[in-house]
Amino acid sequence: MPVALPCETLDDVRLWLERQPVSTRHRDALSAFRFLSETAGLDLTSIPARPRDLRELFASFSASKLGVSPKRLANVRSLVGRARDEAQAAARPRDPKPPIAAEWTALLETVPWQQYRWGLNRLARYCTQCGIQPECVSVDTLGRLRTHLVQESTVKKPQLILKQTIAFWNRCQREVEGWPDIRLSSPTKPETFMLPLDAFPESLGREIDLWATRMQTSDPFDPKTPARAMRPPTVQSYIFTIRKVGSALVRGGHLEVDEVTGLDVLVAPGNFKNGLRRFASTVDRNRAPETVHKMAVQLRSMARNLLDLDEAHLAELDAIISRLVPRSGRKMGARNFERLKQFDDPDLVQRLLGFPDKELGRALKAGSSIRRAKGVERALAIAVALHTGLRVKNLRSLRLDTNLVRSGDRLLVRLSGDEMKTHAALEIELPSEVITLLDLFVREHRSLLPGSDGPYLFPGERGGPRGYHAMRDTVSRPLLKHAAIEINPHLYRHVIAKIVAERRPELLADVSRQLGHRSFNTTYQSYLGTEGPAASRRLNRLFDETRRDPRLER
């Protein structure tokens with residue numbers, strides 16, 4: 001157990017600082033405490049000086065909301081954390097930090113990558129203090145290291161440090177000669193809920209293969225094949241549902257894994273209910289989540305295609321499915337619905353629309369050419385997302401040779417039906433400022449990025465398209481960091497609809513087309529939802545204008 005801190009609160013640490021000899025570093029630290037008290041408005045006497053509490057405190061801050069740069073906030077964090085550690089060390093004097101044991105030093109010297117040597121230094125020092133030899137490192141060692149980081153250290157992200165330590169160790173285990181033949185994994189990783197397909201009987205796998213082959217073939221003379229062949233991602237979505245429901249039945253104790261022999265087992269009414277219930281148990285009582293309804297529909301569709309179910313059986317499944325239909329007309333997810341409300345603030349909307357220019361300005365000031373290139377790329381990606389509403393799948397896969405089409409001074413983003421989720425071809429004209437930004441990126445910066453010899457506008461490291469998660473981060477993280485805007489890629493589509501609905505509702509049909517919807521009803525049901533106040537304001541203005549109209553006076 002960690003020893004109780006002699007400085008219980010941040011105010012105790014501040015008072016300790018004031019008693020120390022004057023120096024530049026101590027003046028800076030006191031300035032950091034004044035920042036917390038005056039700028040952040042905190043009562044330092046009520047904030048515990050424990051590492052966990054400090055991490056949670058700084059994780060709750062936003063530099064833009066506090067009106068400072070991210071660098072300033074990072075400096076405050078560093079100064080406060082160091083002062084806390086110094087105050088603790090002064091009250092509980094310790095021996096100087098012991099050197100790393102010789103066997104660990106020798107092992108680290110075999111690592112050819114400096115970054116990895118630094119990354120493993122913390123583990124080596126901890127094991128030295130605990131008397132653990134390199135060949136005795138285990139998952140249990142990592143668990144104790146994590147506890148030490150959480151309870152005794154003010155590092156910003158203990159779990160990330162642990163994750164990097166594991167990654168560095170495992171690469172050395174694979175590639176460094178003489179490294180201990182021990183593969184590490186996270187001590188906090190829970191048991192995987194989802195069972196792999198090969199954990200189930202082979203008969204289920206054969207049935208899935210038959211169904212998948214049939215669904216990816218379109219034959220107008222075979223009524224068992226679809227009118228339009230399913231795309232591979234859609235097929236995988238159905239297979240994922242089978243794994244989820246099968247795993248729920250096994251994990252819930254309803255079936256043994258070798259009893260899940262085929263689709264007929266999953267759609268037996270009792271199993272159908274129990275398998276889906278696991279995913280509906282955490283939602284409110286008024287409506288089941290859309291995903292559970294989708295899973296139920298997928299299972300029924302597969303069963304109807306593969307099995308000879310009688311009408312009574314199908315009717316029983318349909319009765320369950322009908323009760324899973326979301327009662328609310330709003331299809332927007334609850335998280336997106338809440339996040340969309342922030343855009344009721346017109347100043348925040350202005351910050352969003354002006355963000356690409358701000359990000360470009362920051363990028364062009366960077367001293368490194370690589371950092372400039374990445375900054376310009378971020379500005380362009382956010383600008384394209386704002387003006388097109390493209391899904392991440394399409395945004396990351398934009399090709400210079402096929403998807404960007406020039407016609408004089410115009411530049412069109414052109415996507416075929418095969419590239420679109422709705423199978424409807426899409427063509428969007430970019431505004432002139434985005435064209436200028438795109439030309440700047442391609443002409444001066446794109447060639448500096450790894451993979452730029454490939455055809456993609458936003459290249460991945462190996463010449464393919466930018467990774468899905470990397471693209472998400474590109475259009476999300478900068479806005480949170482620099483503008484305090486919490487947005488994910490799909491929310492861009494909702495924001496576009498919201499801005500138009502509140503200001504020019506007559507243009508919603510154009511929004512529906514730009515978002516690639518086949519039906520205007522999709523736009524209305526799925527992408528609108530927080531425009532009530534704006535509608536009220538418009539009606540109130542109309543009533544006020546009508547009330548003041550002199551022609552109505554008698």
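In this predicted model, the buried residues of helix 21 are Val434, Ile435, Leu437, Leu438, Leu440, Phe441 and His445. Their cover is drawn from several elements, including helix 18 (355-364) and helix 19 (369-388), and strand 1 (404-407) and strand 2 (410-415) also take part. Helix 21 itself runs over residues 432-445, 14 residues in total. From its first C-alpha to its last, helix 21 reaches 19 Å, which is close to the 20 Å expected at 1.5 Å a residue.

Beyond helix 21, the chain continues into the loop that leads to helix 22 (468-483), and Ser452 is found in this loop. Despite its place in a loop, Ser452 has a relative accessible area of 18%, and because this lies under the 20% cut-off, Ser452 counts as buried. With residues up to four places away in sequence set aside, the contacts of Ser452 are with Arg446, Ser447 and Pro459.

Helix 19, already met as part of the cover over helix 21, also packs against helix 22. The axes of helix 19 and helix 22 come within 9 Å and cross at roughly 95°. This angle falls in the range of 65 to 115 degrees, so helix 19 and helix 22 are roughly perpendicular to each other. On the side of helix 19, the contact is made by Arg378, Ala381 and Ile382; helix 22 contributes Met471, Thr474, Val475, Pro478 and Leu479. By character, the residues of this contact between helix 19 and helix 22 divide into six nonpolar, one polar and one charged.

A look at the cysteines comes next. The count of disulfides comes to zero. For Cys127, the closest cysteine sulfur is that of Cys130, at 6.8 Å; since a disulfide requires sulfur atoms within 2.5 Å, this pair is too far apart for a bond. Cys130 is likewise in no disulfide, its nearest cysteine sulfur being that of Cys127. The surroundings of the two can be set side by side: Cys127 is buried, with a relative accessible area of 0%, whereas Cys130 is partly exposed, at 36%.

Finally, some totals for the chain help to place these details. The secondary structure comes to 26 helices and three strands. The chain has 554 residues, of which 44% count as buried. Among contacts between residues at least 6 apart in sequence, 65% join residues at least 24 apart.

Key:
Residues numbered from 1 in each chain as written. Predicted model: local features only at pLDDT ≥ 70, side-chain atom pairs only at ≥ 80, totals over all residues. Heavy atoms only, no water. Helix = DSSP H or I, 4+ residues; strand = E, 2+ residues; numbered from the N terminus. Expected span 1.5 Å × (residues − 1). Buried < 20%, exposed > 50% of the residue type's maximum accessible area, 1.4 Å probe, protein only. Contact = heavy atoms within 4.5 Å. Axes fitted to C-alpha atoms, helices over the stretch in contact; angles between N-to-C directions. Parallel < 35°, antiparallel > 145°, perpendicular 65-115°, else oblique. Nonpolar A, V, L, I, M, F, W, Y, C, P; charged D, E, K, R; others polar.
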